[in-house]
Amino acid sequence: MFLTIDPVLPDDAAEMLKAGDQVMITGELLTARDAACGRLAAALKAGDPLPVDLAGRVIYAVGPTPAKPGQVIGSAGPTTAARLLPYLEPLLKAGVKALIGKGDWPPDAATLFARYGAVYLAAVGGAGALIARTVRAAEVIAYPDLGPEAVHRLSVERFPAFVAVDARGADLYRQARDRWRRGR
Amino acid sequence: MGDAQPLKPKEPSGRASAPLSPRLVWVDDIRRTVARLLVEANVAIGEDVLNALRQAAEEEESELGRDILRQLVANYDLARRERVPACQDTGLTIVFLEIGQDVHLVGGDLRAAVDAGIRDGTRDGFLRNSVVGDPLGRENTGYNGPGVLHVDIVPGDRVHVTVACKGFGSENKSRLKMLTPADGVAGIRDFVVETVDRAGAQACPPLIVGVGIGGSFELCARLAKQAVIRPLNRRHPREDIRRLEDELLEEINRLGIGPQGMGGIRTALAVNIEVYPTHIAGLPVAVNIGCHSNRHMDAWI
Ligand code: SF4
């Protein structure tokens with residue numbers, strides 16, 4: 001399924017996506033991992049202005065390597081999403097509609113995605129060189145002092161991901177375990 | 001490490017007389033070696049991991065799992081071809097130095113040379129600055145150092161340098177437990193499998209699971225690190241340990257986590273165990289979770 005993000009996720013898209021769907025994303029992503037999510041959440045809590053409007057946006061949890069000369073970006077695969085749990089609710093409340101990362105979440109996260117009508121998309125962890133080829137442009141737009149953890153605006157074309165938690169709270173990881181578990 | 005430990009101490013005398021002059025090794029050679037190995041490890045994954053991934057891509061029963069494994073192989077091929085880091089988490093740099101006791105290190109501070117090597121390799125290889133200077137203050141050091149340095153003094157007049165890049169998606173899922181003698185192998189088995197089960201999808205499976213058994217609290221963790229970077233085609237010399245490795249791998253692969261946690265029969269590529277003598281009251285066990293991006297490289301000076 002193709003998803004266009006221009007620069008927000010279309011209104012009905014989150015509703016349509018089902019856990020297990022494969023998607024190809026074209027459009028604009030914002031990057032934020034531990035440090036940047038922490039700052040965004042702190043700003044939201046304090047009522048300070050945000051460096052970028054989060055309503056409808058898609059956040060990609062990534063800290064890329066520097067671009068080599070002639071490259072748009074270095075290696076750029078997903079980081080573990082579950083570490084962002086303390087920041088998840090404030091970000092969703094501020095309007096974030098999708099988060100891209102890798103790995104499963106503790107069970108409460110699915111409830112949050114469902115409550116805010118948002119989705120969690122998983123990219124392939126450790127495939128950073130391959131994923132970087134889908135990035136057409138990259139630019140730091142906030143928190144440059146954070147280095148690789150700064151907020152970047154990425155323009156991507158056919159960025160591959162799986163719907164891992166959908167807006168009804170269905171969880172691909174849990175389904176996969178139930179289906180494949182043999183021992184214990 | 002690794003062989004069955006003798007029940008008597010070795011006699012230290014091996015040579016009639018000391019060498020008249022030690023071999024001089026310039027720490028700058030160590031700096032350059034660390035830099036080169038760091039770049040190489042990040043762009044060129046070992047053949048052992050690549051072969052294991054290819055084999056897993058054939059054996060995996062989940063279609064999605066097979067697809068993911070093929071993407072990982074394609075990613076490693078691309079990284080090698082274009083000389084870019086295969087994964088954006090180029091890791092905390094762990095350096096093991098085995099220094100021959102007939103070596104005299106000259107030309108500067110050894111630890112500074114290692115960190116300068118990390119700085120240079122990070123710059124030359126376009127690696128990521130992934131280190132904060134203080135665990136509480138959390139400001140990025142901006143040069144990807146310092147690394148973690150383990151030094152051993154060994155017989156001989158050469159220096160063996162091993163550089164490992166440890167991503168923290170997997171490092172974070174590692175655990176250590178002080179078991180008691182009564183817990184035995186069953187206790188070890190439970191702890192290892194439980195640790196992998198808890199790591200689940202977050203540590204980038206398929207995993208390489210490094211297990212340290214014995215020693216003291218800190219040595220046990222180090223054994224697990226040495227186990228996780230042992231090449232997958234180098235098996236443990238002890239038959240009973242090899243059997244335990246195989247049994248644990250089988251049990252882990254029954255957890256169903258699968259490639260990237262999306263279900264399947266290839267949750268781990270290998271379980272590597274290292275053992276060391278321990279106290280009569282204890283049975284320490286450490287599990288160092290390694291992701292598929294198991295990057296390490298070594299050289300002799
Ligand atoms: S866990 Fe390993 S493969 Fe996954 S992102 Fe971290 S370093 Fe890369």
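Biologist: Where is P146(B) found?

Modeller: In this predicted model, P146(B) is in the loop of chain B between α4 (110-124) and β4 (148-154).

Biologist: And what is the peptide bond from G145(B) to P146(B), cis or trans?

Modeller: That bond is cis, and its omega is near -5 degrees. For background, most peptide bonds are trans.

Biologist: Which residues does the other cis bond join, the one with omega about 10 degrees?

Modeller: P205(B) and P206(B) are joined by a cis peptide bond, with omega about 10 degrees. P206(B) sits in the loop between α6 (184-199) and β7 (207-215) of chain B.

Biologist: Now phi. What is the phi of R158(A)?

Modeller: Near 55 degrees, which is a positive value in a residue other than glycine. Most residues other than glycine have a negative phi. R158(A) belongs to strand β7 (residues 151-165) of chain A.

Biologist: Is R158(A) buried, exposed or partly exposed, and why?

Modeller: R158(A) counts as partly exposed because its relative accessibility is 45%.

Biologist: What about Q260(B), what is its phi?

Modeller: The phi of Q260(B) is near 60 degrees, also a positive value in a residue other than glycine. Q260(B) lies in the loop between α8 (239-253) and β8 (268-278) of chain B. Q260(B) has 2% relative accessibility, so it counts as buried.

Biologist: Change of topic. Where does the ligand lie?

Modeller: Between chains A and B. There are 14 residues around the ligand, and those that come nearest are G126(A), C87(B), C204(B), C291(B) and R295(B).

Biologist: How do the residues of that shell divide into nonpolar, polar and charged?

Modeller: Four are nonpolar, seven are polar and three are charged.

Biologist: Where does the ligand lie with respect to the domains of chain B, and why?

Modeller: Domain 1 (23-45 + 86-166) and domain 2 (167-301) of chain B both contribute residues to the shell, so the ligand lies between these domains.

Biologist: I see cysteines in that list. How many disulfides are there over all chains?

Modeller: Zero, over all chains. Take C37(A), which is in no disulfide: the nearest cysteine sulfur belongs to C204(B) and is 18 Å away. A disulfide is a covalent bond between the sulfur atoms of two cysteines.

Biologist: Is C37(A) buried or exposed?

Modeller: Buried, because the relative accessibility of C37(A) is 0%.

Biologist: And why is there no bond from the sulfur of C165(B) to the closest cysteine sulfur?

Modeller: The closest cysteine sulfur is in C291(B), and it is 10 Å from that of C165(B), which is too far for a bond. The cut-off for a disulfide is a pair of sulfur atoms within 2.5 Å. C165(B) counts as buried too, because its relative accessibility is 3%.

Biologist: On to empty space. How many cavities of 30 Å³ or more does a search of the whole structure find?

Modeller: Two. The largest cavity holds about 60 Å³ of space.

Biologist: Which residues line the largest cavity?

Modeller: Among them are C165(B), C291(B) and R295(B). C291(B) and R295(B) are also listed with the residues that come nearest to the ligand. Strand β5 (residues 159-166) of chain B gives the most to this lining, with three residues. By class, the lining has five nonpolar, four polar and two charged residues.

Biologist: Where does the largest cavity lie with respect to the domains, and why?

Modeller: The largest cavity lies between domain 1 (23-45 + 86-166) and domain 2 (167-301) of chain B, because both give residues to its lining.

Biologist: What volume does the second largest cavity have?

Modeller: About 30 Å³. Its lining includes D104(A), Y173(A) and R177(A), along with G200(B) and A201(B). The classes there are three nonpolar, two polar and two charged.

Biologist: Last topic, helix α3 of chain B. Where does D77(B) lie, and how far apart in space are D77(B) and A44(B)?

Modeller: D77(B) lies in that helix, which covers residues 63-82. D77(B) and A44(B) are 8.3 Å apart in space, C-alpha to C-alpha, and 33 residues apart in sequence. D77(B) counts as partly exposed because its relative accessibility is 30%.

Biologist: And how far apart are R70(B) and A57(B)?

Modeller: In space they are 6.2 Å apart, C-alpha to C-alpha, and in sequence 13 residues apart. R70(B) is found in helix α3 of chain B as well. R70(B) is partly exposed, with a relative accessible area of 47%.

Technical notes. Residues numbered from 1 in each chain as written. Chains lettered and ligands numbered in written order. Predicted model: local features only at pLDDT ≥ 70, side-chain atom pairs only at ≥ 80, totals over all residues. Heavy atoms only, no water. Near = heavy atom within 4 Å. Nonpolar A, V, L, I, M, F, W, Y, C, P; charged D, E, K, R; others polar. Domains from an automatic or database assignment. Buried < 20%, exposed > 50% of the residue type's maximum accessible area, 1.4 Å probe, protein only. 1 Å grid on protein atoms, 1.4 Å probe; cavity = no way out; pocket = protein on both sides within 12 Å on 5 of 7 lines; lining within 4 Å. Points joined across faces, edges and corners; volume = space filled by probe spheres on them. Helix = DSSP H or I, 4+ residues; strand = E, 2+ residues; numbered from the N terminus.
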